[in-house]
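Here is a short note for a colleague who is opening this structure for the first time. Please keep the view open while reading the points.

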Protein chains: 2
Amino acid sequence: MNIYDIAKLSGVSIATVSRVVNGSEKVSEKTRSKVLDIIRQEGYTPNVFAQGLGIGTMHTVGILVPTISDQYMAKCVSYLEDQLTVHGYDCILSCSGFSIEGKEARTQMLLSKHIDALVFVGSTYSGSGESVEETDYIREAAKQAPVFIINGYVKGDNVFCRLCDDRTAMREAVGALLAHGRKDILFLTDSRSYSAREKTAGCIEALEGAGIPVRDEMFLHTENRIHAVRDYLLSINPVFDAAVATDDGIAIGAVKFAQEKGLSVPGDLCVIGYNNSSLAVACNPELTSIDSRAELLCRETIDNILAILHGDASIPACSIQPGRLISRKTTDF
Amino acid sequence: MNIYDIAKLSGVSIATVSRVVNGSEKVSEKTRSKVLDIIRQEGYTPNVFAQGLGIGTMHTVGILVPTISDQYMAKCVSYLEDQLTVHGYDCILSCSGFSIEGKEARTQMLLSKHIDALVFVGSTYSGSGESVEETDYIREAAKQAPVFIINGYVKGDNVFCRLCDDRTAMREAVGALLAHGRKDILFLTDSRSYSAREKTAGCIEALEGAGIPVRDEMFLHTENRIHAVRDYLLSINPVFDAAVATDDGIAIGAVKFAQEKGLSVPGDLCVIGYNNSSLAVACNPELTSIDSRAELLCRETIDNILAILHGDASIPACSIQPGRLISRKTTDF
DNA sequence: TAAAGGAATGTAAGTGCTTACATTCTCAGT
DNA sequence: ACTGAGAATGTAAGCACTTACATTCCTTTA
């Protein structure tokens, strides 16, 4: 069942059928309804390949994410997918893993599908210095389609970053801990992403602002699995009265460590997580966490994608939203 | 940069270039390497639309999921995506929501992309009776591409179901609670999916097996949000000494309820969740949960998809894997 | 050294659509 | 009734591939 069949059955030319299908104005009402009837009756769907061949696009946006088994990423993908669909775009999702090679390969795959835009979620960065060249593939990709990065930073033409101000959020969180009398802060992360670096920087700023010497032992690198974090802490047995983590899962590991050691939370140990996921509220005591505004960033991204695909060129290369501390029971403020 | 350019540059015909690109045997080594050099040098990638137009497929499988903000679904999608990519298939993901209309629309969208196979994850069912007609769209889809359903049941040609034996798992779990002296079981669910029905049936079987009268109040329908469940239970204040839920999030809501009421878990109240997600281990006390074998079902599905796409027709329409109770701290066994 | 036969390569006909341009229709204005 | 303009429709040329079939090129082998 192709456009020729429909044309024949409705007694018009394929051009007219095409016009009807694409909602062109230049068709008489009578013809339109006749063709539409036949189309419905025969259950005809245009062949996307042929359409794509003709016009070079498929009304599709690619979403590239390191993993979807992460609440933050899942939330973003979910929102992006939903809204893009509402606006008539289809999504191709790809989970790249965290390696550069994986990301490059998946980026290629997505580009080969002639997507109209490409969205990276998280974990991508080109900070100052050593890692810039690792993001060249993103600048390459941006030559073929506008690239949006949610919670990552890459500089380049046609590359748009939508960020949460993790540095400030973390500075303020650590500042609050210090202001409430905590002395030994432990910073826990599982990542070397742009966002993790910003958080680290924020923590250091707060420490320095309070005149506290910054020591290496205060910064721990772990997996993002609750029990792995707990066991790691048990094994090194650090002395600390407050912990901040770059993700809720890690923070809960610290809570579990405290419980294992018989420390009270938040009495002996304050804990602050990040991303305000459902884990935070599953935990007991419920976890104070920084909301990194996934939905807000995604909403902005969607608006921008639609604008740029509709020919609006005035999209800011970068925008930053403030994070938000959600106080629960693992802090005394 | 298209196949004609490459042909011209390498001094051969487009047919030969096509053969090289597709790894056909019928090309001399010399020609092959020459063409390959040019292709690499020019950075040529075949146009997927033109390829698709010619051969009618794009080496893509569609994945349809109600939502990805659910750990079970996310785990499945993650695994499917990863393995399919390893085997050279691309994935198109779509989140349909839970409504029939949403699912139908997304199914159409995916089919229009000429996918080689379609995978539904969860929430889909055609049980005995009233809901069969609602799955007609799946049988329609199966005429165009093999359909796999993970944790859902639909009968039809070219429809393959990969299930966890939720009924037995739930019967055994409730049986264990009864065997350990619990008398007032509360069953909590947020869904009317095939799998939720099976779990309900299993619970009823256990109750009947123990000669306990089955009362309506034992079966509660709630949202799947921890606080919503807790608040709901607080509002109706039911009397029970054990709860089983169709998802961990719901079960944790029951734990929170107990804590709010000053009940000890598992002393006064045993709780069993479902899906063994990371929430179970974030919870305190950690949640006993039934592992519904997402990865196993997905692995099987992948094997079957590959087999069927390679022409192997001997795929069983249905297969069932046993669930697995993971004992933690919300039960006394 | 020529004929045969298989390997390598080329030719051209699809594949289903979009769209610029050409043609035909319709009807208001004369 | 006749023009002419604008609306409606049709024609045909891409778009970038795959592949059946035709052709050419080597080897063998007698």
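1. A polar contact is a pair of N or O atoms within 3.5 Å; within protein, one must be able to donate a hydrogen and the other to accept it, and residues adjacent in sequence count only if both atoms are side-chain atoms. Helices (H or I, at least four residues) and strands (E, at least two) are DSSP runs, numbered from the N terminus. A:D70 caps the N-terminal end of α5(A), with a side-chain oxygen 2.9 Å from the backbone nitrogen of A:Y72.

2. This is a predicted model: local features need pLDDT of at least 70, side-chain atom pairs count only at pLDDT 80 or more, and totals for chains, interfaces and linings use all residues. Residues are numbered from 1 along each chain as its sequence is written, chains are lettered from A and ligands numbered from 1 in the order in which they are written, and side-chain values use heavy atoms, without hydrogens and water.

3. Helix α5 of chain A covers residues 71-86. Its 16 residues should span 22 Å at 1.5 Å a residue (taken times one less than the number of residues). The end C-alpha atoms are 22 Å apart, which agrees. Just after α5(A), A:G88 has a positive phi of about 85 degrees.

4. Buried residues (under 20% relative accessible area, 1.4 Å probe, protein chains only) in α5(A) include A:Y72, A:C76 and A:L80.

5. Now the DNA. Around strand D there are 28 residues (a heavy atom within 4 Å). A:S13, A:R19, A:T31, B:I3 and B:S18 come nearest. Sugar and phosphate make up 65% of the strand D atoms within 4 Å of the protein.

6. A side-chain N or O atom of A:R19 lies 2.5 Å from a base oxygen of DNA strand D. For A:T31, a side-chain N or O atom is 2.2 Å from a phosphate oxygen of the strand.

Conventions: Buried < 20%, exposed > 50% of the residue type's maximum accessible area, 1.4 Å probe, protein only.
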